[in-house]
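Work through the exercises below with the sequence and the model side by side. Try each task before reading its solution.

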Amino acid sequence: MNHRVGQLLVFTTRHTMDEYRTATAPMERIGHTAVPLTGDELRDLEPALGRQVLAGLHCPQERHVDPASLVKGLEDRCRELGVRFLHGSPVTGIRSKGRSVTSVLAGGEEVLGDLFVLAAGVHTGPLARLAGHALPIRPGKGYGFDDTSGSVTLRHSVYLGEAKVAVTPLSNRLRFAGTMEFGSSDATIDPHRLRGIARCAHTYLPDFPLESQPQGWTGLRPMTPDGLPVIGPLPGKDNVLVASGHSMLGVTLAPVTADIISAEISGRRQRADTARTALPFSAQRFVPRRGRTTADG
């Protein structure tokens with residue numbers, strides 16, 4: 001399947017489309033173009049869209065991925081590079097000596113290291129606490145389900161604007177995902193939220209069965225109070241870096257996050273664009289000013 005055809009953002013009112021276009025206009029300077037289309041032009045690209053869709057945007061630079069194949073590819077490549085995975089081995093402790101972490105206890109094994117990176121999604125907050133400095137990374141639960149009925153076929157990934165639902169064509173199914181639920185940190189499913197996504201899907205994609213009772217799942221997004229990720233050194237520790245809190249943009253922001261973390265690990269002096277890019281995401285913003293030291297910055 002071609003995942004490079006771009007993304008369609010579709011709306012049932014032109015006003016909502018104009019608001020979204022205004023909000024995303026600054027992204028054009030980095031190449032993120034959004035071409036306005038009429039409802040008929042959208043249906044030329046995706047005939048499954050209903051007549052309620054009056055306007056939309058085509059973002060040709062957008063891409064979509066199959067999360068399962070992406071993760072498998074990453075794991076396979078990491079193994080080729082000598083990475084060892086400890087599956088089913090939760091971290092139960094982090095040992096430190098002064099300002100340095102010396103080891104991590106995981107699955108009954110002590111893992112020694114010179115440098116540690118906390119990149120554990122919603123679990124990063126508790127791990128940071130074990131390392132000596134808690135971070136306010138909280139879960140934002142999203143819901144999703146796959147449709148394998150074939151009632152609707154799409155070529156592009158489609159974002160249902162007013163409903164805030166993402167629809168992604170995968171090899172043999174359509175994946176629907178949306179909503180944001182706070183205050184829950186487990187995999188419990190609220191069936192009303194799944195049905196809400198299905199009802200929204202029918203509004204934009206009338207061939208999607210309204211009576212659908214999807215069997216879905218939940219996923220926890222790592223959220224921060226200010227909506228920005230946490231990238232860089234953990235306060236109070238000289239050999240712990242953090243790469244987390246990317247909310248719903250983990251895949252999108254992974255490459256630039258890796259660049260920043262790589263620069264920290266290699267010891268290169270961060271200047272110009274890299275330094276300016278990393279500064280707003282520093283964990284220091286969550287340290288009370290009275291608790292900051294010269295060493296912490």
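**Exercise 1. Take stock of the fold.** How many helices and strands are there in the chain?

Solution. Count the elements: the chain has seven helices and 14 strands. Bear in mind that this is a predicted model. Next, take the extent: the C-alpha trace spans about 65 × 40 × 40 Å along its principal axes. Then turn to burial: of the 297 residues, 39% are buried. The accessible surface of the chain is about 16600 Å², and carbon and sulfur atoms account for 55% of it. Finally, check contact range. Of the contacts between residues at least 6 apart in sequence, 66% join residues at least 24 apart.

**Exercise 2. Dissect the largest nonpolar core.** Find which residues touch the most other members, and which elements supply the core.

Solution. The largest nonpolar core has 24 residues. Val 10, Leu 154, Phe 176, Leu 205 and Phe 208 touch the most other members. Now map the suppliers. Strands β1 (7–11), β8 (138–147), β9 (157–160), β10 (165–169) and β11 (174–182) each give at least two residues, and so does helix α5 (191–204). Helix α5 gives the most, with five residues. Look elsewhere and a second, separate core appears, with 17 residues. Among them are Ala 106, Leu 118, Leu 234 and Val 240.

**Exercise 3. Classify the aromatic pairs.** Determine how the rings of Phe 11 and Tyr 20 are arranged, then do likewise for Phe 145 and Phe 208.

Solution. Recall the two quantities: a pair of aromatic rings is described by the distance of the centres and the angle of the planes. The count comes to four aromatic pairs. In the pair Phe 11 and Tyr 20, the centres are 6.1 Å apart and the planes are at 45 degrees, so the pair is tilted. Burial comes next. Phe 11 has 2% relative accessibility and therefore counts as buried. Tyr 20, at 32%, counts as partly exposed.

Move to Phe 145 and Phe 208. Their ring centres are 6.2 Å apart with planes at 35 degrees, so this pair is tilted. Phe 145 sits in strand β8, and Phe 208 in the loop between α5 and β12 (216–223). The pair links distant parts of the chain, 63 residues apart. Phe 145 is buried at 1% relative accessibility. Phe 208 is buried, with a relative accessible area of 1%.

Extend the picture. Ring pairs link Phe 145, Phe 176 and Phe 208 into a cluster. Leaving out residues up to four places away in sequence, Phe 208 touches several residues, including Ser 151, Val 152, Ala 198 and His 202.

**Exercise 4. Inspect helix α3 and its ends.** What lies at the start of α3, and what follows α3?

Solution. Begin with length. Helix α3 covers residues 67–80, 14 residues in total. From first C-alpha to last, α3 reaches 20 Å, close to the 20 Å expected at 1.5 Å a residue. At the start, a side-chain oxygen of Asp 66 comes to within 3.0 Å of the backbone nitrogen of Ala 68. After the helix comes Gly 82, with a positive phi near 95 degrees.

**Exercise 5. Place Pro 280.** Where does Pro 280 lie, and is Pro 280 buried or partly exposed?

Solution. Pro 280 is in the segment after α7 (272–278). Its relative accessibility is 40%, so Pro 280 counts as partly exposed. Set aside neighbours within four places in sequence: Pro 280 then contacts Leu 228 and Arg 285. For distance, take Leu 105: Pro 280 and Leu 105 are 175 residues apart in sequence and 31 Å apart in space, C-alpha to C-alpha.

Conventions. Residues numbered from 1 in each chain as written. Predicted model: local features only at pLDDT ≥ 70, side-chain atom pairs only at ≥ 80, totals over all residues. Heavy atoms only, no water. Core = buried A, V, L, I, M, F, W, Y, C linked by side-chain atoms within 4.5 Å. Buried < 20%, exposed > 50% of the residue type's maximum accessible area, 1.4 Å probe, protein only. Helix = DSSP H or I, 4+ residues; strand = E, 2+ residues; numbered from the N terminus. Contact = heavy atoms within 4.5 Å. Expected span 1.5 Å × (residues − 1). Polar contact = N/O pair within 3.5 Å; in protein donor to acceptor, adjacent residues only side chain to side chain. Areas by Shrake-Rupley, 256 points an atom, 1.4 Å probe, with all protein chains shown as cover. Phe/Tyr/Trp six-rings, centres within 6.5 Å; stacked < 30°, edge-to-face > 60°.
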